[in-house]
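Hi,

Here is the structure I promised to pass on. Please open it and keep it beside you while you read. My notes follow.

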Amino acid sequence: MTSTPRLRFAPSPTGYLHIGGARTALFNYLYAKRHGGTFVLRMEDTDRERSTPESVEAIYAGMRWLGLQWDEGPGVDGGFGPYFQTERLHLYREHAERLISEGKAYRCYCTREEIEARRRIAESEKRQYRYEGTCRDRTDAPDLPSIIRFRMPEGEGSVTFDDRVLGPITKLYSDLDDWVMLRADGIPLYNFGCVIDDHSMGITVVGRGQEHVNSTFPQLMLYRALGWEPPAFAHFPLILGTDREKLSKRRHPEADVMVHQQNGILPEALLNFVVRLGWSHGNDEVIPLEQMIEWFDFAQVGTANAVWNPEKLLWLNAQYLKLLPRAVVAERLEPFLARIGLPGLPLARRERLVEVLAERSQTLVELAEKAAVFLKPGVTFDPKAVTKHLHPDGRALLSQVRALLAGLEWDPAALEGAVKTVSEQAQVGMGKVAQPLRVAITGSTSSPGIGETLELIGREEALARIDAALALPQA
RNA sequence: GUCCCUGUCGUCUAGAGGCCCAGGACGCUGGCCUUUCAAGCCGGUAACACGGGUUCGAAUCCCGUCAGGGACACCA
């Protein structure tokens, strides 16, 4: 291959963007970027029963959220459009007719019912069903509705291709069968539309999930029949759910890319997590997109399927929460604050929250929840914390520190200094003062540093909370 | 059932004949730090599916067994 590579992601818009699809898109994207090639998006919308405009939008949304911008595709014409298969029907028809005229395909008049019946018989006789081609050379019924089938060559033979990740794979002709290219209504089936489009769009490398290795063989037969040079193929290992079965929309909620957004996962973290499912670069774990582009190669893609690991996703997300610029995280935090009734916080304030809370949170949801303790008026006391720290001694220390706090400038260092002063005066450990105070202002025994916590809550609210705690009935 | 792919700690993986009585990461766990919670740092736990070959030498190559996954539609 001398010119720059062209790769594509070709989802069928029959639902949300699937996590497996997202990783396929990512691998193709990375390879294209790495080699200065082109990343194409093509919609395989030939399943008219299930394809919907909403799904098309959902796929765009998922790709956009992940930052996987296509160089060519819907909305970005690169001279190979249109990029929806239903807008390319004439192409499929043309090539099908050509194949028929060359005897490499034929009209098939069998009804689904007939074939279904034959299949049942084969099953009952415990043998594999093969299409018998009874109408292979029928020419007497040109007006009857018919589909178009590919004609498998007779006799011994095999097809082989050298997969870029799996290595050489071979299939015998005898394990292949005549297959449907075009339906009576002119809609192509996957194997046909895929080949016609990959070729006519100049695709040089086809990267897709391993569930497609078997369909590579009929596709190769088609390239051969058409006299076309096939692209290179790379089949990626599958992503399995924790139950070890292929991640499916049905029973794996995590298969939906956008639920992760809802769960407060950062797209950078999801991308990093997913790229490591089937690909690695030595011992590296935290690999930002620019780095992936620099390092990615099919040679390092694994051959075995990978199981989804929610803990590691969370860990990576925590890493990115700390890694990303605060302004970026603060921006992403806004919808989550809004969701719990705290919209419209100034950016600077959000950045401060991120600064203090990012290293204590694994998701944006968690970060927002922690922020709520500071931001929403009032406190919910944890009874155990109250008994443990707001006993008479604790309260005595608490009112001492309250008196000191009231006259202070509201700065974290100064506030913490006040706690220290009181603990020194009373000759007790700092915890003896900080803990009652912490319980008073947050309701619980854990929070960021006491100075920061006071600062974030604000003078008026903090003092009010202390007073409320002091007024609590003694247990 | 037929065909295809795969098989290193619980999970993601490094490993492309000697560097490996197998390294990293998540998780779990012990400790340090510390006003709490985290974060961070130091340590521990745990794997080459099994059986045959080939070789001076195998996690790495070959064969078989077993196991897992995928594909077998007028879905993609």
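Start with G431: one of its backbone N or O atoms sits 3.4 Å from a sugar or linking oxygen of RNA strand B. Keep in mind that this is a predicted model.

Two side chains also reach the RNA. In N305, a side-chain N or O atom is 2.8 Å from a sugar or linking oxygen of RNA strand B. In K312, a polar side-chain atom is 3.2 Å from a base nitrogen of the strand. Several elements give two or more residues to this surface: α4, β6, α6, β11, α10 and α17.

How many residues surround RNA strand B? There are 59, and the closest are T46, D47, K171, G278 and S447. By class, 18 are nonpolar, 21 polar and 20 charged. Now look from the RNA side. Of the strand's atoms within 4 Å of the protein, 70% belong to sugar or phosphate. The rest belong to bases.

Next, helix α17, residues 430–442. Does its length fit a helix, and why? At 1.5 Å a residue, its 13 residues should span 18 Å, and the end C-alpha atoms are 18 Å apart, so the two agree.

Is α17 mostly covered or mostly open? Mostly covered: 10 of its 13 residues are buried. Among them are V433, L437 and I441. The cover includes α13, α14, α15, α16, α18 and α19. Just after α17 comes G443, with a positive phi of about 85°.

Best wishes

Key
Residues are numbered from 1 along each chain as its sequence is written. Chains are lettered from A and ligands numbered from 1 in the order in which they are written. This is a predicted model: local features need pLDDT of at least 70, side-chain atom pairs count only at pLDDT 80 or more; totals for chains, interfaces and linings use all residues. Side-chain values use heavy atoms; hydrogens and water are left out. Helices (H or I, at least four residues) and strands (E, at least two) are DSSP runs, numbered from the N terminus. The expected span of a helix is 1.5 Å times one less than its number of residues. Buried means under 20% relative accessible area, exposed over 50%, partly exposed in between (1.4 Å probe, protein chains only). Contact means heavy atoms within 4.5 Å. A residue is near a molecule or strand if one of its heavy atoms lies within 4 Å of it. A polar contact is a pair of N or O atoms within 3.5 Å; within protein, one must be able to donate a hydrogen and the other to accept it, and residues adjacent in sequence count only if both atoms are side-chain atoms. Ala, Val, Leu, Ile, Met, Phe, Trp, Tyr, Cys and Pro count as nonpolar, Asp, Glu, Lys and Arg as charged, and the others, Gly among them, as polar.
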